[in-house]
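Grab a coffee and open the viewer. Below are some exercises to work through on the structure, each with a solution you can follow step by step.

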Amino acid sequence: MPRVPRKILLNPGPATTTDTVKEALLVPDICPREKEFVQVLQQVRSDLVQIAGGRPDSHTCVLLAGSGTAAMDAVLNSVIPPEGGVVIINNGAYGQRFVDIARCYQLPFYDLHFPWGEWPDINRLRQILDEHPQISHLAMVHHETSTGLLNPLSEIAALAGEYQVSLIVDAISSLGGVPLQVREPQIDYLLSTSNKCLQGMAGLAWVICRREALEQSSRIPARSFYLNLYQQYRHFEANGQMQFTPPVQVVYALAQAIREFRQEGPEERYRRYRRNWETLMAGLQELGFRTLLPLERQSPLLTTVLEPADPQYNFDRLHDGLYERGFTIYPGKMQANATFRLANIGALVEEDIRAFLAALKEVLMELGVTVPVRYQS
Ligand SMILES: Cc1ncc(COP(=O)(O)O)c(C=O)c1O
């Protein structure tokens with residue numbers, strides 16, 4: 001296969017993939033009902049349970065054709081009983097997405113809102129749980145990709161344990177990138193996708209479920225025909241197949257990405273991402289950039305950069321100059337601050353980050369922005 005030109009994606013997924021993952025897309029045509037494909041699916045599902053730290057007897061992986069939002073949608077619409085309720089920790093765009101999904105399905109929910117980039121106030125969470133004993137679930141985003149904030153998962157899981165509520169964790173942009181275990185008490189559902197820290201292709205999402213919790217959800221009347229977690233699980237249990245047409249080639253690419261994740265090892269992937277992030281932070285600092293979050297809340301996966309106060313600075317022109325040089329940067333999502341985002345996940349190494357920093361400096365100077373960049377105060 002001719003080598004595909006390599007692009008450095010600093011958007012938070014779909015991330016840069018290896019040539020071997022790209023090549024894995026080229027497979028002989030196969031009917032997804034064939035045993036050969038069913039075996040690939042089963043392997044991928046059990047590998048994902050293992051990667052998330054689940055146990056084969058007590059956990060299962062429900063694969064869905066779709067992007068990360070499909071997993072968020074499926075889990076919320078499928079597991080919240082009408083007589084229960086879900087508290088949603090909302091401190092970023094993806095917490096807000098959980099809220100939007102809950103509203104769309106008219107679920108009983110509480111929007112526990114905090115400013116973007118701030119950790120949730122655990123006392124407020126405790127207060128809601130005290131006041132509403134019917135609450136059955138708690139939903140949170142592990143890594144808020146809208147800012148780069150890592151939410152305090154262990155602390156929230158401990159509280160969920162204390163109140164005996166079931167925990168739903170969106171680990172879409174963290175699974176495979178930072179240490180994370182679904183066996184953390186109370187995590188009943190952990191969501192992720194193929195195209196971020198696992199370095200596969202976009203098109204597959206999944207939920208790692210504690211079997212017992214999932215089986216209990218069978219009594220909840222279905223709110224969605226296509227994205228029903230229990231129905232999808234039932235099909236896997238019955239014949240190992242996906243209920244509807246899977247993105248066949250994306251499954252093969254994910255199987256290859258999982259092999260590469262195993263070869264590298266979870267600790268080394270984490271270390272590589274960390275090294276990328278440290279290189280990025282040091283380079284940004286040298287160029288005078290300020291970042292949004294204090295270090296204790298900041299993930300080593302994505303950084304929100306504050307835009308400088310220079311009349312020559314313009315995000316679109318910066319983006320375009322970098323894009324021409326093979327680097328993709330990503331706009332900010334915040335309303336309160338002018339920002340842009342840089343992710344350091346995917347098949348990237350420190351030299352890529354250094355090359356990016358050199359290109360960043362070059363484009364800033366080309367635009368006439370003063371380097372080191374300046375801020376108002
Ligand atoms: C934490 C998190 N949750 C959910 C999503 C939504 O995923 P998608 O855009 O693939 O639907 C994303 C996407 O970046 C994300 O980072």
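## Exercise 1: A buried arginine and its partner

Arg-272 is buried, at 9% relative accessible area (buried means under 20% relative accessible area, exposed over 50%, partly exposed in between, using a 1.4 Å probe and protein chains only). Before going on, a word on the ground rules: this is a predicted model, where local features need pLDDT of at least 70 and side-chain atom pairs count only at pLDDT 80 or more, while totals for chains, interfaces and linings use all residues. Residues are numbered from 1 along each chain as its sequence is written, and side-chain values use heavy atoms, with hydrogens and water left out.

Task: find which residue forms a salt bridge with Arg-272.

Solution.
- Step 1. Know what to look for: a side-chain nitrogen of Lys or Arg within 4 Å of a carboxyl oxygen of Asp or Glu.
- Step 2. The partner is Glu-264, with the closest N and O atoms 2.5 Å apart.
- Step 3. Check the partner's surroundings: Glu-264 has 22% relative accessibility, so it counts as partly exposed.

## Exercise 2: Two more salt bridges

Task: work out where in the chain the partners Arg-126 and Glu-162 sit, and what separates Arg-354 from Glu-350.

Solution.
- Step 1. Set the scene: the whole structure has 17 salt bridges.
- Step 2. One of them joins the side chains of Arg-126 and Glu-162, at 2.7 Å from N to O. This pair ties together distant parts of the chain, since Arg-126 belongs to helix 5 (residues 122-131) and Glu-162 to helix 6 (residues 153-163), 36 residues apart. Helices here are DSSP runs of H or I with at least four residues, strands are E runs of at least two, and both are numbered from the N terminus.
- Step 3. Arg-126 is partly exposed, at 27% relative accessibility.
- Step 4. Now the other pair: the side chains of Arg-354 and Glu-350 meet at 4.0 Å, N to O. They are four residues apart in helix 12 (residues 350-367), so about one helical turn separates them.
- Step 5. Follow the shared partners and you get one network of Glu-268, Arg-271, Arg-275, Glu-350, Glu-351 and Arg-354.

## Exercise 3: Into the core

Task: say how many residues the largest nonpolar core has, and which have the most contacts inside it.

Solution.
- Step 1. Pin down the term: a nonpolar core is a set of buried Ala, Val, Leu, Ile, Met, Phe, Trp, Tyr and Cys residues joined through side-chain atoms within 4.5 Å.
- Step 2. The largest one has 54 residues, and Leu-48, Leu-63, Leu-167 and Leu-190 have the most contacts inside it.
- Step 3. Helix 9 (residues 248-264) gives the most to this core, with 10 residues.
- Step 4. Another core of 35 residues lies apart from it, including Val-86, Phe-98, Ile-168 and Tyr-189.
- Step 5. Zoom in on Leu-63: leaving out residues up to four places away in sequence, Leu-63 touches residues including Leu-41, Leu-48, Trp-206, Phe-236 and Met-242. Contact means heavy atoms within 4.5 Å.

## Exercise 4: Empty space

Task: find what classes of residue line the largest cavity and the largest pocket.

Solution.
- Step 1. Get the terms straight. On a 1 Å grid over the protein atoms alone, a cavity is a set of points where a 1.4 Å probe fits but cannot get out; a pocket is an open set with protein on both sides within 12 Å along at least five of seven lines; and lining residues have an atom within 4 Å of a point.
- Step 2. There are two cavities of 30 Å³ or more, and the largest has a volume of about 60 Å³ (the space filled by probe spheres set on the points, which are joined across faces, edges and corners).
- Step 3. Its lining has six nonpolar, two polar and no charged residues. Ala, Val, Leu, Ile, Met, Phe, Trp, Tyr, Cys and Pro count as nonpolar, Asp, Glu, Lys and Arg as charged, and the others, Gly among them, as polar.
- Step 4. The largest pocket has a volume of about 350 Å³. Of its 23 lining residues, Gly-68, Tyr-94, Arg-97, Ile-172 and Lys-196 lie nearest its centre.
- Step 5. This pocket's lining has eight nonpolar, 10 polar and five charged residues, and helix 3 gives the largest share, three residues.
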